[in-house]
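User: I should like to go through this model and ask, for each label, on what grounds it is applied. Please set the values against the criteria as we proceed.

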Amino acid sequence: MIRPSWISPRIGQFILVGGTAASIHLGVVVYLVELYSVSPLQANLLGFFVSFCFSFLGQRFLTFRDSNKSLRASIPRYFIVASSAFALNETLFAITLHYLMIPYYLALGVVVLLVAVATYFACKYWAFANV
């Protein structure tokens, strides 16, 4: 398979796991909003927690499988990264919903992609960094 030189296998794995987690996140939000009339911001919270479980397992055991950091050390660090990413996600989502007046699912899609970039670097250089 030919890939651009700037995409390392690790970045590809991060995109795969993160993209799947983002899809789970978005799916949970849409499901709750459309079928149960939950507010988008509240649905986003549950979407975060569901996708967090998948994301941690995928990032730890696939993307950063060569990390020598123990699970005991990496879980709290990853939770801090993911929680910070969620806080940024929720803030940007609220701002986007309020000021841009675009459909919630488009706003969430853009926000999730932007936050993913910051999350990659926090994972690589802190949450799963070798000790």
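User: What is the accessible surface of the protein chain, and what share of it belongs to carbon and sulfur atoms?

Analyst: The model is a predicted one. Its protein chain has an accessible surface of about 7,800 Å², and carbon and sulfur atoms account for 73% of that area.

User: How many helices and strands does the protein chain have, and in what order do the elements run?

Analyst: There are 4 helices and 0 strands in the protein chain. Read from the N terminus, the order is α-α-α-α.

User: What makes the protein chain as compact as a globular protein of that length?

Analyst: The radius of gyration is 15 Å, and the globule rule gives 14 Å for 131 residues; the two values are close, so the chain is as compact as a globular protein of that length. The C-alpha atoms fill a box of roughly 45 × 35 × 25 Å along the principal axes. Of the contacts with a separation of 6 or more, 68% are between residues 24 or more positions apart. Buried residues amount to 36% of the 131 residues.

User: How do you know that Cys-53 is in no disulfide?

Analyst: A disulfide is a covalent bond between the sulfur atoms of two cysteines. The criterion is a pair of cysteine sulfur atoms within 2.5 Å. For Cys-53 the nearest cysteine sulfur, that of Cys-123, is 15 Å away, and because the limit is 2.5 Å, the pair does not qualify. For Cys-123, likewise, the nearest cysteine sulfur is that of Cys-53, at 15 Å. The search of the whole structure accordingly finds 0 disulfides.

User: Why is Cys-53 called partly exposed, and why is Cys-123 called buried?

Analyst: Buried means under 20% relative accessible area and exposed means over 50%, with partly exposed in between. Cys-53 has a relative accessible area of 48%, so it falls in the middle class. Cys-123, at 0%, is under the 20% limit and therefore counts as buried.

User: Why does Gly-47 count as buried, and which residues does it touch?

Analyst: The relative accessibility of Gly-47 is 0%, which is under 20%, so the residue is classed as buried. Gly-47 belongs to helix 2, residues 40-63. Leaving aside residues up to four places away in sequence, Gly-47 touches His-25 and Val-28. Its C-alpha atom is separated by 9.0 Å from that of Leu-32, 15 residues apart along the chain.

User: Why is the pair Arg-10 and Asp-66 called a salt bridge?

Analyst: The criterion is a side-chain nitrogen of Lys or Arg within 4 Å of a carboxyl oxygen of Asp or Glu. The closest N and O atoms of Arg-10 and Asp-66 are 2.4 Å apart, so the pair meets this limit. The pair links distant parts of the chain: Arg-10 is in helix 1, Asp-66 is in the loop between helix 2 and helix 3, and they are 56 residues apart. The whole structure has 1 salt bridge by this search. Arg-10 itself, with a relative accessible area of 23%, lies between the two limits and is therefore partly exposed.

User: Which residues form the nonpolar patch, and which elements give two or more residues to it?

Analyst: The patch on the surface is formed by Val-30, Ile-95, Tyr-99, Leu-100, Ile-102, Tyr-105 and Leu-106, with about 680 Å² of accessible area together. Helix 3 (71-100) and helix 4 (104-127) each give two or more residues, and the largest share, 3 residues, comes from helix 3. Tyr-99 lies in helix 3; its relative accessible area of 61% is over 50%, so Tyr-99 is exposed.

User: What makes Ser-37 and Met-101 notable in their backbone, and why is each called exposed?

Analyst: Ser-37 has a positive phi of about 55 degrees although it is not a glycine, and Met-101 likewise has a positive phi of about 55 degrees without being a glycine. Ser-37 lies in the loop between helix 1 (9-36) and helix 2, whereas Met-101 is in the loop between helix 3 and helix 4. The relative accessible area of Ser-37 is 65%, over the 50% limit, so this residue is exposed. Met-101, at 66%, is exposed because its value also exceeds 50%.

Key
Residues numbered from 1 in each chain as written. Predicted model: local features only at pLDDT ≥ 70, side-chain atom pairs only at ≥ 80, totals over all residues. Heavy atoms only, no water. Rg over C-alpha atoms; globule rule 2.2 N^0.38 Å. Buried < 20%, exposed > 50% of the residue type's maximum accessible area, 1.4 Å probe, protein only. Contact = heavy atoms within 4.5 Å. Areas by Shrake-Rupley, 256 points an atom, 1.4 Å probe, with all protein chains shown as cover. Patch = residues over 30% accessible without salt bridge, like charges linked within 9 Å, V, L, I, M, F, W, Y side chains within 5 Å.
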